[in-house]
Amino acid sequence: MNLRQFGKFSSAIERVDRLIGSYNAAPLYYDLAFRVASSWGVSCFNYGYAPLSADVSADAACTEPHQLEMYRQAAVAVGAERFRGAVVLEVSCGMGGGLAYLARTLGVGTAVALDRAQPGVRSAHNRFRLPAVKADALSLPFSDGSVDVVLNVEASHVYFGEPFLSEVRRVLKPGGHLALVDSRDLTPGGAEAYMRDNLAPHRLRLTSFRDVTTNVVDSCVADSPRREALLKRVPFFLRPPLRPMLGVEGSSRYECFRSRKTTYFISTAVAE
Ligand SMILES: C[S@@+](CC[C@H](N)C(=O)[O-])C[C@H]1O[C@@H](n2cnc3c(N)ncnc32)[C@H](O)[C@@H]1O
């Protein structure tokens, strides 16, 4: 392949990557991905966090330790004690592995998994025995003030905005907490201001913002052998567009984090 062909190939892959992240195309991608991934024992779909804590490293049940570490870090940011006995709703739970880990380790009262992809909801319910519901993040089927903690991991970029945030605020109890983990093509300062400014009109006050881009880069490197092994199981022509989705070392998405074009963050807010 010459340089020109390579350029066209890379921009085609970037277009596919952008399409997969769009509101209308995301369900198709995740429907398919979760169907396949559940038969491979995968239960989480995020870029992960490194280094691993002693809690996660020592837990033999953690087969995707970097991904679960990301959930642990989100819980620590909210305050792990706030999960004990609480009603915790994960909006966009994926296959439910992350929420199940927090429910198992933090003594959550009721952990509810919600996703728009039916195979994800099925996995959360059948594999992890979580109450799970198929619904859209823009229309949460819960009553006002019924949730102590809303979790949202690596999903909001698909639907972030007024409808989502007003739904989060509506279902949260006053004094309840939101943990939102995601990335934006902004500097760390820009991403923090973006979060604060978007949350404030919904009476969600930003309480912490942590730039964890370096931790995500380190996780992508440490976890690349596992991701490469997963890629080997899909037909060869699907591997190029999936490499960035999985954040494999050297992929375009990995480079966005490594070059700091994109900031990956853990943010928390309190409902006022
Ligand atoms: C990158 S995955 C993250 C899954 C999970 N949080 C994890 O870390 O394993 C993004 C998730 O967002 C979900 N999603 C995308 N758009 C959605 C929407 N409008 N409503 C609910 N979930 C949505 C997808 O189905 C997918 O499960």
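This text walks through the structure from its overall form to single residues.

The model is a predicted one. The protein has 11 helices and seven strands. Its radius of gyration is 18 Å, close to the 19 Å that the globule rule gives for 272 residues, so the protein is as compact as a globular protein of that length. Along the principal axes, the C-alpha atoms fill a box of roughly 60 × 40 × 35 Å. Buried residues account for 44% of the 272 residues. Now take the contacts between residues at least 6 apart in sequence. Of these, 69% join residues at least 24 apart.

Next comes the sheet. Seven strands form it, and it is open. Their order is β3-β2-β1-β4-β5-β7-β6, with mixed pairing. Which strands stand at the edges? They are β3, residues 132–134, and β6, residues 204–211. Each has a single partner strand, so one side of each is left without a neighbour in the sheet. On average, neighbouring strands are turned by 15° against each other, direction ignored.

Look at one end of the sheet. There β6 pairs with β7, residues 263–271, in the antiparallel sense. Seven bridges join the two strands. One bridge links Ser-208 to its partner Thr-268 in β7.

Helices pack on this sheet too. Helix α6, residues 118–126, touches β2 and β3. The direction of α6 makes about 170° with that of β3. Helix α7, residues 162–171, lies across β1, β4, β5, β6 and β7. Relative to β5, helix α7 runs at about 145°.

Now go to β1, residues 87–91, and β2, residues 110–115. These two strands pair in the parallel sense over five bridges. Val-88 stands opposite Ala-111 in β2. Val-91 stands opposite Leu-114 in β2. Are these strands enclosed or open to the outside? Four of the five residues of β1 are buried, so β1 is largely enclosed by the rest of the structure. In β2, five of the six residues are buried, so β2 is largely enclosed as well.

Stay with Val-91, which is found in strand β1. Why does Val-91 count as buried? A residue needs 20 or more other C-beta atoms within 10 Å to be called buried. Val-91 has 28 C-beta neighbours inside 10 Å, so it counts as buried. Leave out residues up to four places away in sequence. Then Val-91 touches Leu-114, Ala-137, Leu-140, Val-150 and Asn-152. Val-133 is 42 residues from Val-91 along the chain, and their C-alpha atoms are separated by 9.8 Å.

Leu-199 can be read in a similar way. Leu-199 lies in helix α8, residues 188–199. With 22 C-beta neighbours inside 10 Å, Leu-199 counts as buried. Which residues does Leu-199 touch, not counting those up to four places away in sequence? They are Leu-165, Leu-204, Arg-205, Leu-206 and Ala-269. Leu-165 is 34 residues from Leu-199 along the chain, yet the two C-alpha atoms are separated by 7.0 Å.

Helices also pack on each other. Two packed helices are described by the angle between their axes and the distance between the axes. Take α2, residues 26–38, and α6. Their axes come within 7 Å and cross at roughly 35°. On the α2 side, the contact is made by Tyr-30, Asp-31, Phe-34, Arg-35 and Ser-38. An α-helix has 3.6 residues a turn, so residues three or four places apart point the same way. On the α6 side, the contact is made by Gln-118, Pro-119, Gly-120 and Ser-123. By class, this contact has three nonpolar, four polar and two charged residues.

Another helix is α10, residues 239–246. Its buried residues are Leu-242, Arg-243, Pro-244 and Leu-246. Gly-247 follows α10, and the phi of Gly-247 is positive, near 65°.

Finish at the ligand. How many residues lie around the ligand? There are 20. Asn-46, Ser-92, Gly-94, Ala-137 and Ala-155 come nearest. The shell has 11 nonpolar, five polar and four charged residues. One of the nearest residues, Ala-137, has appeared before: Val-91 touches Ala-137.

Conventions: Residues numbered from 1 in each chain as written. Predicted model: local features only at pLDDT ≥ 70, side-chain atom pairs only at ≥ 80, totals over all residues. Near = placed C-beta within 6 Å. Nonpolar A, V, L, I, M, F, W, Y, C, P; charged D, E, K, R; others polar. Pairing = 2+ DSSP bridges. Axes fitted to C-alpha atoms, helices over the stretch in contact; angles between N-to-C directions. Contact = placed C-beta atoms within 7 Å. Rg over C-alpha atoms; globule rule 2.2 N^0.38 Å. Buried ≥ 20, exposed ≤ 12 C-beta atoms within 10 Å, placed from the backbone.
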